[in-house]
Amino acid sequence: MVNDRELEVLINEIYEYYGYDFSGYSLASFKRRIDRLYNLDGFKNFTEFLSVVRSDEDYFKRMVEEITVNVTEMFRDPLFYKVLRNEVLPVLATKPFIRVWHAGCSTGEEVYSMAILLQEANLLHKSLLYATDLNPTVLDSARKGVFQLRMMKQYSENYIVSGGKKDFSEYYTAHYGLAKFRDELSEKLVFSQHNLVSDRSFNEFDLILCRNVLIYFDKDLQEKALQLFDDSLSKLSYLALGTKETIKFSPMHKRYEQLNREKIWRKIK
Amino acid sequence: MEKDKVIPGCRLLIIGGSAGSLEVLLKILPPLTSISFSLVIVLHRKSAEDNTLEELIAAKTVVPVTEVEDKTPMLPGYIYIAPSDYHVLFENDDTLSLDTSEKVNYSRPSIDVSFESAADVYGPALCAILLSGANADGTAGLVAVRKAGGTIIVQDPETAGMPFMPNNAIENFIPDMVLNVEEIGEFVRGAIHK
């Protein structure tokens with residue numbers, strides 16, 4: 001296993017050579033990701049690994065892709081989407097314009113899910129969804145709106161549990177093992193690179209979704225990211241996190257009201 | 001090592017198990033009144049959004065059961081249960097981190113992941129118990145626990161509903177103890193409850 005000292009060297013070198021700052025990542029998780037990559041690619045010693053990371057930019061790209069976790073699905077945790085559908089969207093509907101930010105959107109499955117929810121609530125036409133990630137490769141993939149066809153059975157089931165009433169297959173065209181989602185869904189989506197560690201607030205939003213991203217940060221960086229979200233939320237707007245994430249360890253929670261037991265908080269002050 | 005031997009300085013006990021483990025836990029936990037260490041339970045479970053397992057275990061013990069969320073502080077005297085669909089990792093500051101990365105041994109939570117991460121942080125202060133199950137998860141993790149100087153206990157496969165998992169561990173190394181269900185109960189109550 002890579003030790004703490006080596007990890008520190010690696011983090012410093014990455015920052016120096018590429019400008020990515022992983023120093024605020026959860027040590028336990030980051031170490032496991034690096035370990036996994038190190039073993040997967042068969043490095044013999046840490047020095048060799050370090051030298052490849054430093055000198056080979058393509059390898060560094062691979063590393064970023066492998067250590068950032070991109071496990072996602074459409075309507076992930078369907079009951080969460082049901083609450084969005086039934087309790088959050090009716091409130092947002094009263095606004096003249098709806099701005100949504102998916103921070104850490106990965107390959108975009110949840111962004112398209114949100115677009116479907118908004119369309120079914122007849123709100124998509126007055127919405128704009130910003131979807132950001134630090135990894136440009138997943139953003140390229142997200143922009144296409146193309147997902148594996150074999151996943152559609154699961155996604156369709158999720159969609160139904162989330163309260164969807166339509167035939168899910170109406171939303172995509174199947175083609176050689178792939179499902180291409182309808183263009184009208186992506187018209188209101190803006191994908192761009194944004195790093196929660198180093199970039200700042202870029203707009204004010206009515207709903208920010210950041211699901212299963214903060215778990216990879218340590219407490220200080222979580223606090224910093226939450227502050228960034230706070231700066232980007234207008235009063236009475238919503239923040240949604242992953243099912244096992246919470247703002248209760250942050251002083252910020254005093255200014256937010258939790259929606260029952262859901263991982264959705266409303267900014268009240 | 002004898003089953004009544006005190007493990008000094010055990011700060012963390014992790015019990016890992018799969019099919020056939022819940023019934024073992026339901027025998028071990030009710031007689032526990034208090035524990036001087038943190039107990040983390042990593043069971044293979046169906047991915048679901050409910051808290052059935054937490055509720056079931058909480059109903060069977062007076063030791064408080066805490067819901068695990070990301071960065072939950074881990075305190076002595078409490079039971080923590082790995083949530084479905086997340087790996088549980090251990091931070092240097094005694095908090096628990098969650099991780100949704102790929103399954104390990106077809107499992108999330110994976111026992112190997114938690115054993116390995118805890119071994120790295122707690123070393124000799126870690127005690128790991130592997131129970132019944134039908135897959136190979138846990139063995140690699142126990143190897144890491146051993147390397148880090150922790151204590152390893154494996155359920156006697158003869159007494160396991162599904163012997164594959166404990167057998168697989170025993171075929172790969174010699175645990176500190178191989179115990180039946182009653183002995184595991186005594187061990188948890190006595191040996192490290194000091």
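**Notebook: the sheet of chain B and the domains of chain A**

I began with one pair of strands in this predicted model, and found that β3(B) and strand β5 of chain B, residues 79-81, run parallel to each other and are joined over three bridges. Looking along this pair, I noted that B:V65 stands opposite B:I79, which belongs to β5(B).

Next I looked up which elements pack on the sheet. Helix α3 of chain B, residues 111-122, does so by touching β1 (12-17), β2 (38-43) and β8 (126-130) of chain B, and its direction makes about 165 degrees with that of β1(B). Helix α4 of chain B, residues 139-147, also packs on the sheet, where it touches β8 and β9 (151-155) of chain B, and its direction makes about 155 degrees with that of β8(B).

I then traced the sheet as a whole, and wrote down seven strands of chain B in the order β3-β5-β2-β1-β8-β9-β10, forming an open sheet with parallel pairing. At the edges I found β3 (65-67) and β10 (177-179) of chain B, each of which pairs on one side only. From one strand to the next, the twist averages 25 degrees. As a reminder to myself, strands of a sheet pair through backbone hydrogen bonds, in either a parallel or an antiparallel manner.

Turning to chain B overall, I counted six helices and 10 strands. Its radius of gyration is 15 Å, close to the 16 Å that the globule rule gives for 194 residues, so I recorded chain B as being as compact as a globular protein of that length. Along the principal axes, the C-alpha atoms of chain B fill a box of roughly 40 × 35 × 30 Å. I also noted that 51% of the 194 residues in chain B are buried. When I took the contacts in chain B between residues at least 6 apart in sequence, 71% of them turned out to join residues at least 24 apart.

My last entries concern chain A, for which the domain assignment gives domain 1 (4-67) and domain 2 (78-267). The centres of these two domains of chain A, taken over C-alpha atoms, are separated by 29 Å. Where they meet, eight residues of domain 1 of chain A are in contact with nine residues of domain 2 of chain A. On the domain 1 side of this contact, the elements that give two or more residues are α2 (27-40) and α4 (57-67) of chain A. I sorted the residues of that side by character, and they divide into three nonpolar, three polar and two charged.

Key: Residues numbered from 1 in each chain as written. Chains lettered and ligands numbered in written order. Predicted model: local features only at pLDDT ≥ 70, side-chain atom pairs only at ≥ 80, totals over all residues. Pairing = 2+ DSSP bridges. Helix = DSSP H or I, 4+ residues; strand = E, 2+ residues; numbered from the N terminus. Axes fitted to C-alpha atoms, helices over the stretch in contact; angles between N-to-C directions. Contact = placed C-beta atoms within 7 Å. Domains from an automatic or database assignment. Nonpolar A, V, L, I, M, F, W, Y, C, P; charged D, E, K, R; others polar. Rg over C-alpha atoms; globule rule 2.2 N^0.38 Å. Buried ≥ 20, exposed ≤ 12 C-beta atoms within 10 Å, placed from the backbone.
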